[in-house]
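Q: I'm new to this one. Can you walk me through the structure?

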Amino acid sequence: MKISEQEKQITDLERQLALRKRNSTNSSKPPSSDGLAGEQRPRGRKHKSQRKRGGQLGHPGHHRPLIPTAEVDVLKVLLPGKCEHCGRKLPQKPDQVTTAGEPRRHQVTEIPEIQPHTTEYQCPQVVCEHCQRTTQAPLPEEVRGNFGPHLTALIAYWTVVCRVPRRLVEAMLADVWSLEMSLGSTQKAWEEVSQAVEQPCQQLQEQLPHEAVLNVDETGWRTNGDKRWIWVFVAKEFVFYAVASKRSAAVLVSLLGAVFRGILCNDRWRVYLKYHSGRMQLCWAHLKRNILGIADDTRSPSARQFCRDALAVVARLFRLWYRFRGDQQGRRRNLPPINRRQLLLKSIPLEKKLFALAEAHLDHANSEVQNLATALFVHCERLFTFLEEEGVEPTNNEAERALRTAVQWRKISFGNRSRGGEMATARLLTVAQTCKRQRRHVLGYLTEAVRCHRRQTAAPSLLPRRI
C-alpha cells in the first residue's frame, strides 16, 4: 500500500516537473511566457555552422541606392586642385574643365536642425460702423487646440507604432524639438487621434462577418489591474483588434454574428470549436508543439512512437506545401514545384495516415496521447482545409504576429486604465497594422484623419479597395 502511494506521488511530481519545462516550442504557451520560471526554449542552431560570419562568397551586395540628381537638394562638384600625374594646376570651375566618362557620385543624407513651427492666429474685435458693436472671427476648426494635426498624429504614431511610453514621448519632444509638452497634453493628443479613427475602425468591424477567411487569436490584457482579453482578427487586407472583458464565444458572436459563413483559422481552442460549425483551418504549428511536448515528457515507448509517426506526417506535408509555394525549403532539395492539384493528390495518403494513426490511439494509456488522438480523429478534416482553399494558410501565424505587437505594447504600458483607453488601444493598433498590410503611410493616414476630425468630415476609409 505504501509503495503504491509513493509511486503515485512520484508520477504526480514528474507530471508537475514536465509542466514546468513546457515553453513556447513544445506547448501552446506564448513566447512571452518563456521567462525565468520555466525551461528556456533552445535558441540558435543545434549544430554550429562552419561558415564565417557575414556575407558569403558570391553573395550579392546590398547598398543604399542613389536618388536621381534632379531630386537632390544641394549639388556640389568637387574638382582636383592639380594633376596627379604631372603636377600642373587644373581649373577650378566646372565649365572650364574637360571630363571623361561619368563622374563618381556620392550622396550624404542629413536631417536639418529640427525647430517647432508656431503659427499665431490673432482675432481682433472689429467694430461695425453701422451699429458700433464688435465682431470676432472664429478660429478655423483645423487649428483648435494648441498643437497641429501632424504633431498630434506623430504622438500617436510614436506610441502605437514605435511603442514609446508617454514619458519618453514627452522627453523626445523636449530634447529633439525643444518643445515643452505636459504628460496630460500627450495623452489628450493620443485620445484625439483615437476619436479621429473611430469611424474607419467601425467600418472594419462591420466588414468582419463578410470576410471569406479570418485568422483569429487572443491573449491577456489588463485594465486597472482587472483581467481583460485583446482579440485580433486578420483578414486578407486589414487587421482588427478588440479589447473585451471575456474570453468566450460571446465576443465572437458580437463581432462576427451568430453564424460566420467564412473559414475561421485558429489554434484549436475550444471556444472557436464551440462557436463555429462551418469550415475551419486548425493551426499545424500548435499541433506540432503539442506533439513535441508529449515526446519530451513521456517515457512510454508507444507514446514516443506515436509522436514520431505524427511528426513524420507533419514534415512530409510541409515539404509538399513548400514545393507548392516555391519556398526556399523546397529549392534546397532541388525539388520541382507542384500545382494545387498535385498538392491535393500527394497529400491524400498523408491525411489517411494521420487519421488511421489517431484512430489507433484513441484508447491509449497516456492521457495526453489519448486527448491529442481524439482531437485529430474528430477534427482531421479541419486540418487540411488549406490544401483546397486559396488564401488559407496551414498555421495561425498571421494572427500570432499581429498579436505580438499588442503583447509588446502591454509589456511596456502594463495595459489600460479605462474603457476609453481600451478602445483607443484597439483602434490605433487596428489602423497601424491595417495601413502596413495595405502598404499605406501610417503617419500620413493618422495626420489626415486628425484633419478630417477637426473639420468634422469623414476620415479616409480603411476598407479594402474593390477593383
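A: Sure. One term before the sheet: two strands pair if DSSP finds at least two bridges between them. And keep in mind that this is a predicted model.

Q: Okay, which strands form the open sheet, and in what order?
A: Five strands do, in the order β5-β4-β3-β6-β7. The pairing is mixed.

Q: Which are the edge strands?
A: β5, residues 239–244, and β7, residues 280–282. Each of them pairs on one side only. From one strand to the next, the twist averages 25°.

Q: How do β4 and β5 pair?
A: Antiparallel, over six bridges. β4 covers residues 226–234. One bridge joins Val 232 to Tyr 241 in β5.

Q: Which helices pack on that sheet?
A: Helix α13, residues 397–413, lies across β3, β4 and β5. It runs at about 15° to β3, which spans 213–223. Helix α14, residues 419–437, packs on the sheet too and touches β3, β4 and β5. The direction of α14 makes about 165° with that of β5.

Q: Zoom out for a second. How many helices and strands in the protein chain?
A: There are 15 helices and seven strands. The chain has 467 residues, and 37% of them count as buried.

Q: And how much of the contact comes from residues far apart in sequence?
A: Take the contacts with a separation of 6 or more. Residues 24 or more positions apart account for 60% of those.

Q: What about the largest nonpolar core?
A: It holds 70 residues. Leu 173, Trp 231, Phe 233, Tyr 241, Leu 252 and Leu 256 touch the most other members. Apart from that core lies another, of 35 residues. Val 213, Leu 350, Val 369 and Leu 387 are among its members.

Q: Why would nonpolar residues gather like that?
A: In soluble globular proteins, nonpolar side chains tend to be buried together.

Q: Pick Leu 252. What does it touch?
A: Leave out residues up to four places away in sequence. Then Leu 252 touches Val 216, Trp 231, Phe 233, Gly 257, Val 271, Tyr 272 and Tyr 275.

Q: New topic. How many aromatic pairs are there?
A: A search of the whole structure finds ten. Take Trp 190 and Trp 409: their ring centres are 6.2 Å apart.

Q: Why is that pair edge-to-face?
A: Because the planes of Trp 190 and Trp 409 stand at 85°, and planes over 60 degrees apart count as edge-to-face.

Q: Where do the two sit in the chain?
A: Trp 190 is in helix α4, residues 183–196, and Trp 409 is in helix α13. They are 219 residues apart, so the pair links distant parts of the chain.

Q: Are they buried or exposed?
A: Trp 190 is buried, at 2% relative accessible area. Trp 409 counts as buried too, at 5%.

Q: What sits over the ring of Trp 190?
A: The charged end of Arg 166, 4.3 Å from the ring centre. Elsewhere, the charged end of Lys 227 sits over the ring of Trp 229, 4.8 Å from its centre.

Q: Which residues do ring pairs link into a cluster?
A: Trp 284, Phe 318, Tyr 322 and Phe 384.

Q: Last one: where is His 453?
A: In helix α15, residues 442–455. His 453 counts as partly exposed, at 21% relative accessibility, because buried means under 20% and exposed over 50%.

Q: What is His 453 in contact with?
A: Beyond its neighbours within four places in sequence, Arg 144, Glu 192, Gln 195 and Ala 196. Glu 198 is 255 residues away from His 453 in sequence, and 9.8 Å away in space, C-alpha to C-alpha.

How values were computed:
Residues are numbered from 1 along each chain as its sequence is written. This is a predicted model: local features need pLDDT of at least 70, side-chain atom pairs count only at pLDDT 80 or more; totals for chains, interfaces and linings use all residues. Side-chain values use heavy atoms; hydrogens and water are left out. A nonpolar core is a set of buried Ala, Val, Leu, Ile, Met, Phe, Trp, Tyr and Cys residues joined through side-chain atoms within 4.5 Å. Buried means under 20% relative accessible area, exposed over 50%, partly exposed in between (1.4 Å probe, protein chains only). Contact means heavy atoms within 4.5 Å. Helices (H or I, at least four residues) and strands (E, at least two) are DSSP runs, numbered from the N terminus. Axes are lines fitted to C-alpha atoms, for helices over the stretch in contact, and angles run from 0 to 180 degrees between N-to-C directions. Rings of Phe, Tyr and Trp (its six-membered ring) pair if their centres lie within 6.5 Å; planes under 30 degrees apart count as stacked, over 60 as edge-to-face and the rest as tilted. A charge sits over a ring if NZ of Lys or CZ of Arg is within 6 Å of the ring centre and within 35 degrees of the ring normal.
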